[in-house]
Amino acid sequence: MKISLPFKICIGAMVIFLMKLFIPTLLFSGQHSLHTVAKLGMSTPVVMLFILSLIKLLFLDLCLWTGWTGGDIFPVTFAAFLQGFGMAQLFPQIDSLFVVLVVSVSIAITLLEKEWLAGIFISLFFPITLFPVSLLVIGLTTLGRKIKMKFSRI
């Protein structure tokens, strides 16, 4: 059954309205809202960060499906940062920024399927001293994809 565009748009509007009521923090994720990720990441329990990240990605998917578009790089970045902060809490003995960077870059590359775009974009939010780590993650991901493609043809 095909759903008409006006009906999809109404569904999208309802989803956005419900998000505004129940989880307004996840409603926006552009550069003007990314500061909230740091607050959330440092004060929210791990499981909740993972759930919020999943909800953000589901919300993005619903918005795109219902015709409410606006780009996906910032919502994916927002969700990736939430995952990164969650993982950083699980490994407190390792530098938090390092963990957040590696996890965020890895997730963004996986979701956006563009190693260089996602990797460099995420890296811009971290100190320049961690840029070599980003390059390493990008390089390993690129190498891994090439190896996978080579073996999938065999």
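User: I'm looking at leucine 90. Which helix does leucine 90 lie in?

Analyst: Leucine 90 lies in helix H4. Keep in mind as we go that this is a predicted model.

User: Got it. And is leucine 90 buried, partly exposed or exposed?

Analyst: Leucine 90 has a relative accessibility of 45%, so it counts as partly exposed. The band between buried and exposed runs from 20% to 50%.

User: Which residues is leucine 90 in contact with, leaving aside neighbours within four places in sequence?

Analyst: Val46 and Phe50. Take valine 46: it sits 44 residues from leucine 90 in sequence, yet their C-alpha atoms are 7.5 Å apart in space.

User: Let's zoom out, then. How many helices and strands does the chain have?

Analyst: The count is 7 helices and 0 strands. Read along the sequence, that gives the pattern α-α-α-α-α-α-α. The C-alpha atoms fill a box of roughly 45 × 45 × 25 Å along the principal axes. The chain has 154 residues, and 38% of them count as buried.

User: What share of the contacts joins residues that are 24 or more positions apart?

Analyst: Among contacts with a separation of 6 or more, 69% are between residues 24 or more positions apart.

User: Back to H4. How do I check a helix's length?

Analyst: You compare the expected span with the distance between the end C-alpha atoms. H4 covers residues 73-90, and at 1.5 Å a residue its 18 residues should span 26 Å; the end C-alpha atoms are 26 Å apart, which agrees.

User: Is H4 mostly covered or mostly open?

Analyst: Mostly covered: 13 of the 18 residues of H4 are buried. One residue to look at is threonine 77, which is found in H4. Threonine 77 has a relative accessible area of 1%, so it is buried.

User: What does threonine 77 touch, not counting residues up to four places away in sequence?

Analyst: Leu34, Phe121, Ile122 and Phe125. For a sense of distance, phenylalanine 50 is 27 residues from threonine 77 along the chain, and their C-alpha atoms are separated by 14 Å.

User: Now helix pairs. How do I describe two packed helices?

Analyst: Two packed helices are described by the angle between their axes and the distance between those axes. Try H1 (residues 5-22) and H3 (residues 46-65): their axes come within 8 Å and cross at roughly 155°. Angles over 145 degrees count as roughly antiparallel, and H1 and H3 are therefore roughly antiparallel to each other.

User: Is the crossing of H1 and H3 left-handed or right-handed?

Analyst: H1 passes H3 in a left-handed crossing. On the H1 side, the contact is made by Lys8, Ile11, Val15, Ile16 and Met19, and on the H3 side by Ile55, Phe59, Leu62, Cys63 and Trp65. Those contact residues divide into 9 nonpolar, no polar and 1 charged.

User: Several of those numbers step by three or four. Why would that be?

Analyst: An α-helix has 3.6 residues a turn, so residues three or four places apart point the same way.

User: What about leucine 49: where is it, and is it buried or exposed?

Analyst: Leucine 49 is in helix H3. With a relative accessible area of 0%, leucine 49 is buried. Leaving aside neighbours within four places in sequence, its contacts are Leu40, Gly41, Thr44, Leu82, Phe85, Gly86 and Gln89. Phenylalanine 59 is 10 residues from leucine 49 in sequence, and 15 Å away from C-alpha to C-alpha.

User: Can we try another pair? At what angle do H5 and H6 pack?

Analyst: About 145°, with their axes 8 Å apart; H5 is residues 96-112 and H6 is residues 115-123. H5 passes H6 in a right-handed crossing. From H5, the contact uses Leu101, Ser104, Val105, Ala108, Ile109 and Leu112; from H6, Glu115, Ala118, Gly119, Ile122 and Ser123. The split is 7 nonpolar, 3 polar and 1 charged.

User: Which residues of H5 are buried, and what covers them?

Analyst: The buried ones are Val99, Val100, Leu101, Val103, Ser104, Val105, Ala108, Ile109 and Leu112. Their cover includes H4, H6 and helix H7 (131-152).

User: And what follows H5?

Analyst: Glutamate 113, with a positive phi near 60°. As for H5 itself, its 17 residues reach 24 Å from first C-alpha to last, close to the 24 Å expected at 1.5 Å a residue.

How values were computed:
Residues are numbered from 1 along each chain as its sequence is written. This is a predicted model: local features need pLDDT of at least 70, side-chain atom pairs count only at pLDDT 80 or more; totals for chains, interfaces and linings use all residues. Side-chain values use heavy atoms; hydrogens and water are left out. Axes are lines fitted to C-alpha atoms, for helices over the stretch in contact, and angles run from 0 to 180 degrees between N-to-C directions. Helices (H or I, at least four residues) and strands (E, at least two) are DSSP runs, numbered from the N terminus. Angles under 35 degrees count as roughly parallel, over 145 as roughly antiparallel, 65 to 115 as roughly perpendicular and the rest as oblique. A crossing is left-handed if the near helix is turned anticlockwise from the far one by less than a right angle, and right-handed if clockwise. Contact means heavy atoms within 4.5 Å. Ala, Val, Leu, Ile, Met, Phe, Trp, Tyr, Cys and Pro count as nonpolar, Asp, Glu, Lys and Arg as charged, and the others, Gly among them, as polar. The expected span of a helix is 1.5 Å times one less than its number of residues. Buried means under 20% relative accessible area, exposed over 50%, partly exposed in between (1.4 Å probe, protein chains only).
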